[in-house]
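Got your viewer open? Let's walk through it, one selection at a time.

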Amino acid sequence: MAFIDEVKERIEENKDQLIELLSEQIKINSVQTKAYKAKDGSIYPFGKGVQEAFEHMLEYGKDNGFETFNADNYGGHLEWGGKILDENGLIKETNDQCLGILGHLDVVPVGDESQWKYGPFSAHIDEDNFIHGRGTQDDKGPLVACLFALKTMKDMGYMPAKKIRLIIGLDEEQGWSGMNYYKKQVKMPDFGFTPDSAFPVVNGEKGIATFDLVKKFEKAPAGGVVLKSVEGGMASNMVAGHCRALITADDKLVYDHIREMVKNYELGGESYGRPWSIKAKGVGKSLEITTSGLEVHGARPWEGMNAITIMMDFLKNINFANESANEAIDFYNKYIGFKVYGENMDCAYEDEHSKLTWNVGLCKFDEEAASFTCNVRVPVSLKLNQFYEMISDVIDKGGMGIVKSEGSEPFYYSPEHPLIKALLETYVANGGSPEDQAIVAGGVSYAKAMDNAVAYGALFPEDGDYMHQVDERASVDRLVQITKLYAEAIYKLSSTQDIFWE
């Protein structure tokens, strides 16, 4: 029996250990929070929960004989291998070539916990053998699968000819400051993959442009109907599921009129049959309007229903005393609205591999300004500076300003690239359909954090995608399967000194 087949048998025998390790991680609330200073003076840049998840992973790695590295709590890694053995199993030389596997332990916010069937940090396994909780699909489940594959191979005496480094990211969901810090402390691996997307293999990723469209307000005249505030969304890379506006007026009859407007409101634009709602209620001396939509990953805005868009569509029917607020609302509805491909922003663009998408993930109005945080996925043949040039005239014409916060350029590898071919072959050998081809993804992964890297799993084409959603969950059987798959991929890429990245 081939060694890798024995590894898969061992994974099957010890699958309870795999699920136990993942359950321990899922029960840790690793949504990023403010930096925290511990009693010993240590700084946890991304909060106590993320730090707890990080320490749990490092401790597991150390207990199982991996070399560990902590980049001042901004990220770290587990490492092993890089030894060439002779026929007697003795080390005859070392090899600095390095295979990198990049994953992350931070998770997106969970929203209203009461909407979760079993709780976002329950790690509950239901009657259909699904494990529930934030991170089961994105990205704790896949990262734990890779770690357990490595542990199993190591326990069975495997000595990889290349170094293998499992890199642990801590703020992938809300910015890459941790990964950027980590990269300054180490020499990055020569090639690798991230288990943070979909199978069969992602040979291209769109670029990402995240920025704020901002309008500063002039001082509003006294009296009239005043839009005191608007707040919507939880993260730039999520379609906003909720939005809240607070309105005040001198004449209380205005509130009755707005309540009637809410009752009779019909959704503008294209609803695509997605669930949505709008409600009004008194809060102190003000009137609160709330809208709800359908949260999905910001890379697929067409699958969701944006609560910010619903709110802006409703508010356009009210003439606020602050003309600047009216102008910001009008801009949104005229140039963004229910369109998710940038049609009205003069940036609708697609190539043979990918299509531009536009999501507004966050919105904030106060008495001084309005801002819309946009998350745009740019096709692989378009540079970010070209995208910004395309929208500049519309932004100027609409009287808005733009504040760029972060971005990453797209990339694309030929399906004939050696790394792509090796990963695709492994996918097919482990239950994937031979008809499946390499794909270009809208999601941005850690594959962009190093050269010669692509996203590889862990979502099979036929599986439900619950990433960034309420009731995120993963099939236990599938987790065991992908652990075996990753073991074979790691073995194929690390057992020889062959160069896969040229």
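One thing before clicking: this is a predicted model. Start with the rings, since there are 33 aromatic pairs to look through. Select Phe331 and Tyr335 to see a tilted one, with 5.0 Å from centre to centre and 45° between the planes. Both residues sit in helix 8 (residues 323-336), four residues apart, or about one turn of the helix. Phe331 is buried at 2% relative accessible area, and Tyr335 counts as buried too, at 10%.

Next, pick Tyr456 and Tyr486. Their ring centres are 6.0 Å apart with the planes at 70°, so this pair is edge-to-face. Tyr456 is in the loop between strand 23 (453-455) and strand 24 (458-459), while Tyr486 is in helix 11 (residues 476-494), so the pair ties together parts 30 residues apart in sequence. Relative accessibility is 0% for Tyr456 and 0% for Tyr486. Now add Phe193, Phe199, Tyr427 and Phe460 to the selection, and you have one aromatic cluster on screen.

Stay with rings for two charges. Arg473 lies over the face of Tyr466, 3.8 Å from the ring centre; Lys154 does likewise over Phe66, at 5.6 Å.

On to the cysteines: which disulfides does the structure hold? Zero. Zoom in on Cys243, where the nearest cysteine sulfur, in Cys363, is 5.2 Å away. For Cys374, the closest one is in Cys347 at 9.7 Å, too far for a bond. Cys243 is buried at 3%, and so is Cys374 at 0%.

Last stop: the second largest pocket, with about 210 Å³ of space. Select its lining residues, among them Asp112, His242, Glu295 and Gln469. By class, the lining has three nonpolar, seven polar and two charged residues.

Definitions and conventions: Residues are numbered from 1 along each chain as its sequence is written. This is a predicted model: local features need pLDDT of at least 70, side-chain atom pairs count only at pLDDT 80 or more; totals for chains, interfaces and linings use all residues. Side-chain values use heavy atoms; hydrogens and water are left out. On a 1 Å grid over the protein atoms alone, a cavity is a set of points where a 1.4 Å probe fits but cannot get out, and a pocket is an open set with protein on both sides within 12 Å along at least five of seven lines; lining residues have an atom within 4 Å of a point. Grid points are joined across faces, edges and corners, and a volume is the space filled by probe spheres set on the points. Ala, Val, Leu, Ile, Met, Phe, Trp, Tyr, Cys and Pro count as nonpolar, Asp, Glu, Lys and Arg as charged, and the others, Gly among them, as polar. A disulfide is a pair of cysteine sulfur atoms within 2.5 Å. Buried means under 20% relative accessible area, exposed over 50%, partly exposed in between (1.4 Å probe, protein chains only). Rings of Phe, Tyr and Trp (its six-membered ring) pair if their centres lie within 6.5 Å; planes under 30 degrees apart count as stacked, over 60 as edge-to-face and the rest as tilted. Helices (H or I, at least four residues) and strands (E, at least two) are DSSP runs, numbered from the N terminus. A charge sits over a ring if NZ of Lys or CZ of Arg is within 6 Å of the ring centre and within 35 degrees of the ring normal.
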